[in-house]
Amino acid sequence: MTPDPLTREELRRYSRPLLVPEWLEAGAQERLKAARVLVIGAGGLGGPVGLHLAGSGVGQLVISDGDTVDLSNLHRQTHFCSTDLGRPKAQAAAERLQALNPWVQVETAPALDEANAVALIAGADLVVDATDNFDTRYLIADTCTAQGREWVWGAASGTSGLVSVFGPSLGLRDIFPDPADALSCAEAGVLGPVPAVVGHVMALEALKLLGGVGEPLRGRLWTFDGLTAGVRTLHLRPEGAPPSAKL
């Protein structure tokens, strides 16, 4: 299917990415316009992911989240305001994304669960796991793997973060068979800019996959240490084979 051409208004709006040779030559902007992306989680990771995908011109965005905005969210989830307290995150986030770019279509969906996971994921061209819930993370992983799909995955806690692109041949359970002693942000805490950094990298990976440009993090794990500003890329192997580090 040939993507629809960009309108004059869209050409003006996306004039800066269209100056990037790799982006232009791949027809990436038109690919984005034709894409439907499911972002699961509208919090510290999902906020920057959603803002950049909407701003970049992804044609359809579906925001899945069952939580409401809490006062403790606002230090890092800066796509929300104090007036959003108590509101459903998916609704508040969708309104912000739609206001950012009226040329995209933004929808909301309930929290992902076993009853709706197959249909929600099957209806998207790309899935972004921006959750902070381990049960949901593994449900996403199992459903995407069963459907033979790739998905963008990220995590942030304390002062560190991780990003990868998983797929049917190397998925979350191959690298992290279970959450073990991992803690959520509510348990371990998090410095506000850390999930923002991770979310921006996740958005970039999603754009690379959708646009067909660059080298997405397939088979690799991007790691970030906020206290030292250290970044490493680990070449992944299934459990039992240690990953190698590349600076």
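Tutor: Two strands pair if DSSP finds at least two bridges between them. Strands (E, at least two residues) and helices (H or I, at least four) are DSSP runs, numbered from the N terminus. This is a predicted model, in which local features need pLDDT of at least 70 and side-chain atom pairs count only at pLDDT 80 or more, while totals for chains, interfaces and linings use all residues. Residues are numbered from 1 along each chain as its sequence is written, and side-chain values use heavy atoms, with hydrogens and water left out.

Student: Which residue stands opposite Trp222?

Tutor: Trp222 belongs to strand 7, which covers residues 220-225. Strand 7 pairs in the antiparallel sense with strand 6, residues 160-166, over five bridges. Across from Trp222 stands Val163.

Student: Which residue stands opposite Asp225 in strand 7?

Tutor: The pairing of strand 6 with strand 7 is antiparallel. Asp225 lies in strand 7. The residue that faces Asp225 is Ser160.

Student: How many residues of strand 7 are buried?

Tutor: Buried means under 20% relative accessible area (exposed is over 50%, partly exposed in between, with a 1.4 Å probe and protein chains only). Trp222 counts as buried because its relative accessibility is 13%. Phe224, with a relative accessible area of 15%, is also buried. Strand 7 is mostly covered, and of its six residues the number buried is five.

Student: How are the rings of Trp222 and Phe224 arranged?

Tutor: Rings of Phe, Tyr and Trp (its six-membered ring) pair if their centres lie within 6.5 Å; planes under 30 degrees apart count as stacked, over 60 as edge-to-face and the rest as tilted. The whole structure contains four aromatic pairs. In the pair made by Trp222 and Phe224, the centres are 5.9 Å apart and the planes are at 5°, so the arrangement is stacked.

Student: Which residues do ring pairs link into a cluster?

Tutor: The search for aromatic pairs covers the whole structure and finds four. Ring pairs also build a cluster, and its members are Trp151, Trp153, Phe166 and Phe176.

Student: What is the bridge partner of Phe224 in strand 8?

Tutor: Strand 8 spans residues 230-235 and runs antiparallel to strand 7, with six bridges between the two. One of the bridge partnerships puts Arg220 with His235. For Phe224, the partner in strand 8 is Val231.

Student: Which residue in the turn between strand 7 and strand 8 has a positive phi?

Tutor: Strand 7 and strand 8 form a hairpin, with four residues between them. The residue in question has a positive phi of about 60° although it is not a glycine. The loop between the two strands holds this residue, which is Ala229.

Student: Is Ala229 buried or exposed?

Tutor: Ala229 is found in the loop between strand 7 and strand 8. The relative accessibility of Ala229 is 58%, and therefore this residue counts as exposed.

Student: How many bridges join strand 5 to strand 6?

Tutor: Strand 5 takes in residues 151-157 and runs antiparallel to strand 6. Among the partnerships, Trp153 has Ser164 as its bridge partner in strand 6. Strand 6 is mostly covered, with five of its seven residues buried. The number of bridges that join strand 5 to strand 6 is seven.

Student: Which residue in the turn between strand 5 and strand 6 has a positive phi?

Tutor: Strand 5 and strand 6 make a hairpin with two residues between them. In that turn, a positive phi of about 65° belongs to Gly158.

Student: Why does Leu126 count as buried?

Tutor: Leu126 lies in strand 4, residues 126-129. Leu126 is buried because its relative accessible area is 4%.

Student: Which residues is Leu126 in contact with, leaving aside its neighbours within four places in sequence?

Tutor: Contact means heavy atoms within 4.5 Å. Beyond those neighbours, the contacts of Leu126 are Arg36, Val37, Leu38, Arg149, Glu150, Trp151, Val152, Ala206, Leu209 and Leu210.

Student: What separates the C-alpha atoms of Leu126 and Val58?

Tutor: Leu126 and Val58 are 68 residues apart along the chain. In space, the separation of their C-alpha atoms is 11 Å.
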